[in-house]
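Trainee: I'm new to this one, so could you take me through it? I'd like to know what is behind each label you use.

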Amino acid sequence: MAVNHISTVLDSEALHHRHRAPTEGTSRSGSSLPLRITEPFGERRPAHLFRWPGAKWHLCAALAPRLRAHLADTGGCLLSLFHGTGALEQTIDAPVLIAADANPDLRALHAELRRDGGAEVFHELVLLHGAGAPRARAEYERVRVLGPLALSSPARAARFLWLSGLAFNGIWRVNRAGALNVPPDPRRLSHAWPFPLRSELASAGRQLPAQPLFDDWRGVIEQARPGDLILSDPPYLSGFDAYTGARFSLAEHHALADGLRLCALRGCAVVAFNSADARSLYQPWADLETAFRPGRMNCRPDRRGPVGEMLAFAGLRMATSAAP
Ligand SMILES: C[S@@+](CC[C@H](N)C(=O)[O-])C[C@H]1O[C@@H](n2cnc3c(N)ncnc32)[C@H](O)[C@@H]1O
């Protein structure tokens, strides 16, 4: 089995700003770049470089200790089929992680962080920053229509971070052709620097897996061995799935649930997330729980109440009774 040493990977923006009140030498105000900012967290603080729909930050405190204890007991690897920001993966902080994500821009960022700690990405971000805030909507549109395939890898990763930082609500949502189709956020256009700091990119890069992310969950699940722990957090059935142009079909949900069931039979532990609509795919072979997350994805504020999501557990050595 391929081995990756990991602890920290990526990041998203809400936490990013909440957690990093600069304590000295900040230049976040105005249009100049941040130059000297004291890191208020240690080296192992999860990196939160961009906002990502469906990220599991809200479940980390409840789940990570159980899952870490399971891995300490079995000595197995952590396998993540749908990595995204890697919220839970980073918090578990397993010595070995094998992961996949189908979003090619996110994978480009991972590759760059691993290659040089994001040094070139940061340089490209500074170039995109140009004259600084406030930015015009036209500038956002100009960068948005740049074809990612025509860009160098650092420029592609920087474009991803730049547009994520300025998109409406910080959401990355693509059309069927895989092109970002989110308008700019007027509030964000006026932020001084709504992007990761150089130190954050470098910190994320130091703690990435040794090998690239697989581009599909099948590449990871086929490496599962008894004792491993598999995290499965796909685009939710009947929910947001515009992470990639390919989307995530009902047939994919069936294939995924079946693959996970077989892994559980072979002695792997499985922790699977999905919407309540997917319960029938997991009920026959897993223990189900319900967790609630803030419903910020709805464009109508009056419909943003807590949203129930399904958690399916199989083969965990730790008790799973405490609902998150
Ligand atoms: C719900 S999000 C995962 C969020 C992640 N757990 C986090 O905390 O940030 C679903 C992820 O699945 C990815 N994805 C979609 N189709 C995929 C596929 N066929 N194989 C692997 N990843 C896929 C998306 O790009 C997205 O990052």
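Mentor: Let's start with β1 (residues 78-80) and β3 (residues 229-232): these two strands run parallel and are joined by 3 bridges. This is a predicted model, where local features need pLDDT of at least 70, side-chain atom pairs count only at pLDDT 80 or more, and totals for chains, interfaces and linings use all residues. Residues are numbered from 1 along each chain as its sequence is written.

Trainee: What makes β1 and β3 a pair?

Mentor: Two strands pair if DSSP finds at least two bridges between them. β1 and β3 have 3 bridges, so they pair. Leucine 78 stands opposite leucine 229 in β3, and leucine 79 has isoleucine 230 as its bridge partner there.

Trainee: And what joins β3 to β4?

Mentor: There are 4 bridges between β3 and β4, and the two strands run parallel. Isoleucine 230, for instance, has valine 270 of β4 as its bridge partner. In general, strands of a sheet pair through backbone hydrogen bonds, either parallel or antiparallel.

Trainee: What is the order of the strands in the open sheet?

Mentor: The 6 strands go β2-β1-β3-β4-β6-β5, with mixed pairing. From one strand to the next, the twist averages 20°.

Trainee: Why do β2 and β5 count as edge strands?

Mentor: β2 (97-99) and β5 (287-293) each have a single partner strand, so one side of each is left without a neighbour in the sheet.

Trainee: What makes isoleucine 98 count as buried?

Mentor: The cut-offs, with C-beta atoms placed from the backbone, are 20 or more other C-beta atoms within 10 Å for buried, 12 or fewer for exposed, and partly exposed in between. Isoleucine 98 has 26 C-beta neighbours inside 10 Å, so the residue is buried. Isoleucine 98 lies in strand β2. Its C-alpha is 7.6 Å from that of cysteine 77, though the two residues are 21 apart in sequence.

Trainee: How do you know that both faces of β3 are covered?

Mentor: Leu229 and Leu231 on one side are buried, and so are Ile230 and Ser232 on the other. That fits the general pattern, in which side chains of a regular strand alternate between the two faces of the sheet. As for β4, 6 of its 7 residues are buried, so "mostly covered" suits that strand.

Trainee: What lies across β1, β3 and β4?

Mentor: Helix α2 (residues 60-74) does, running at about 150° to β3. Such angles run from 0 to 180 degrees between N-to-C directions, with axes fitted to C-alpha atoms, for helices over the stretch in contact (C-beta atoms, placed from the backbone, within 7 Å). The protein has 12 helices and 6 strands, counted as DSSP runs numbered from the N terminus (H or I, at least four residues, for helices; E, at least two, for strands).

Trainee: Why is asparagine 169 called partly exposed?

Mentor: Asparagine 169 has 16 C-beta neighbours inside 10 Å, so the residue falls in between the two cut-offs. You'll find asparagine 169 in the loop between α7 (153-166) and α8 (186-189). Its phi is near 60°, a positive value in a residue other than glycine.

Trainee: And what makes arginine 247 partly exposed?

Mentor: With 13 other C-beta atoms within 10 Å, arginine 247 also lands in between. Arginine 247 sits in the loop between β3 and α11 (250-265), and has a positive phi of about 60° although it is not a glycine.

Trainee: What makes the peptide bond from alanine 133 to proline 134 stand out?

Mentor: That bond is cis, with omega near -5°. Proline 134 belongs to the loop between α5 (119-129) and α6 (137-144).

Trainee: Where does pLDDT stay under 50?

Mentor: Over residues 1-43, on a confidence scale that goes from 0 to 100. Over residues 320-324 the pLDDT is below 50 too. The protein as a whole averages 83, and 80% of the residues score at least 70. Where pLDDT is low, the predicted coordinates should not be read in detail.

Key
pLDDT is the predictor's confidence in each residue, from 0 to 100. Two residues are in contact if their C-beta atoms, placed from the backbone, lie within 7 Å.
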